[in-house]
Amino acid sequence: MIIKTAVDIPSSEITSHSAYLNRRKFMQQSGLALAAMGLSSAASSLESHEGQPPRFGPDWLSQQVAGATETPFGKGEKLTPYRDVTSYNNFYEFGTGKDDPARNAGSLITDPWSVTVEGECETQGSFNLEDILKSMPLEERIYRLRCVEAWSMVIPWIGFPLADLIKRFKPLSSAKYVEFTTLEAPKQMIGQRSRFSTIDWPYVEALRIDEAMNPLTLMAVGLYGEVLPKQNGAPLRLVIPWKYGFKSIKSIVKIRFTETPPINTWQAIAPREYGFYANVNPEVSHPRWSQAKERRLPSGLFSANRIETQMFNGYGEQVAHLYKGMDLRKNY
Ligand code: MTE
């Protein structure tokens, strides 16, 4: 993976006091309105949002996202500012620079959107996003995201457990893995048109079926209380908080159940550097750098904000059992 130097976050980008007070007022008003309607709100995400939320998706999706319920996941964690979450991205379909996706992803058409389901499952076919989200309650979960490049963020996602979607497709007993594929559309994705790209498009990722069914694995359609911005993988992306960020594949158009382990994009490019599992592990270094510490964004030249990396990114209680008896040095 290409490593870029740190982007400094000037203090001017940190929420001003007046913006904070305005936001509190907005939150109190919207909180009162929602309480009057008997609804709960994804208030914790709005708390750190700068200015008015832009609207990215169709109205029906914005409304569904706005109605997400709060959960205890990540409560009390300091959120990475919205600005960093949406301007410091990895989405190679739109370029390799951290600011390329925010600049270039506007050309991505996310509505209408459909997902093809195939392989070892009873229910197969093409499903549009509206069908997928129909009767799927959305929730807000605050998760840590640890990139293999050793930076990290804390993001309030809006989504639903992947397990709830998988059950609908009725996987067969032969379905041992689930593979996900990102849209391939060079006309919309400048990075896919690049002659210098090392990636054999489309971007592919996969999980073992028990990893996919783990309650922590989230299919996200929003963040910070609003529809996913395109640079973050609109309209549908995975979030697997105990694995390095490259497993959290964006803009998914295909789900395939398989009997044998699929080869993931980064694994195909550099198998000695990126494995199938990619569990966050401070004890197993990447061949070119240590994974013991991470740079928690926002970070700058004079305040690197380096913290210790936690095993399974701190989610060991929920997921360590999945890897019992496995040598995690070999299965990196
Ligand atoms: N998905 C696709 N399709 N293409 C990508 O380049 N990059 C991955 C992952 N999903 C990537 C992708 C990497 S390396 C990381 S760290 C996360 O997305 C970053 O997610 P974010 O930009 O929302 O923080």
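## Exercises on the ligand and the cavities

A nitrogen atom of the ligand is 2.9 Å from a polar backbone atom of Ser248. The structure is a predicted model.

**Exercise 1.** Find how much of the area that the ligand exposes when taken alone is buried by the protein.

*Solution.* Step one: the ligand, taken alone, exposes 540 Å². Step two: the protein buries 100% of that area.

**Exercise 2.** Describe the residues around the ligand and name polar contacts that they make.

*Solution.* Start with the shell: there are 17 residues around the ligand, and Tyr92, Glu93, Thr182, Arg237 and Lys250 come nearest. Next, sort the shell by class, which gives eight nonpolar, six polar and three charged residues. Then look for N or O pairs within 3.5 Å. For Tyr92, a backbone N or O atom lies 2.8 Å from an oxygen atom of the ligand. For Arg237, a polar side-chain atom lies 2.6 Å from an oxygen atom of the ligand.

**Exercise 3.** Determine which cavity the ligand takes up and what lines that cavity.

*Solution.* A search of the whole structure gives three cavities of 30 Å³ or more. The ligand takes the space of the largest cavity, which holds about 320 Å³. Its lining has 24 residues, with Asn90, Phe91, Arg237, Gly245 and Lys250 nearest the centre. Strand β4 (residues 151-161) supplies the largest share of this lining, four residues. By class, the lining of the largest cavity has 15 nonpolar, six polar and three charged residues.

**Exercise 4.** Characterise the second largest cavity.

*Solution.* The volume of the second largest cavity is about 40 Å³. Residues lining the second largest cavity include Phe56, Thr110, Lys230 and Pro235. Sorted by class, this lining has seven nonpolar, two polar and one charged residues.

Key: Residues numbered from 1 in each chain as written. Predicted model: local features only at pLDDT ≥ 70, side-chain atom pairs only at ≥ 80, totals over all residues. Heavy atoms only, no water. Near = heavy atom within 4 Å. Polar contact = N/O pair within 3.5 Å; in protein donor to acceptor, adjacent residues only side chain to side chain. Areas by Shrake-Rupley, 256 points an atom, 1.4 Å probe, with all protein chains shown as cover. 1 Å grid on protein atoms, 1.4 Å probe; cavity = no way out; pocket = protein on both sides within 12 Å on 5 of 7 lines; lining within 4 Å. Sits in = over half its atoms within 2 Å of the grid points. Nonpolar A, V, L, I, M, F, W, Y, C, P; charged D, E, K, R; others polar. Points joined across faces, edges and corners; volume = space filled by probe spheres on them. Helix = DSSP H or I, 4+ residues; strand = E, 2+ residues; numbered from the N terminus.
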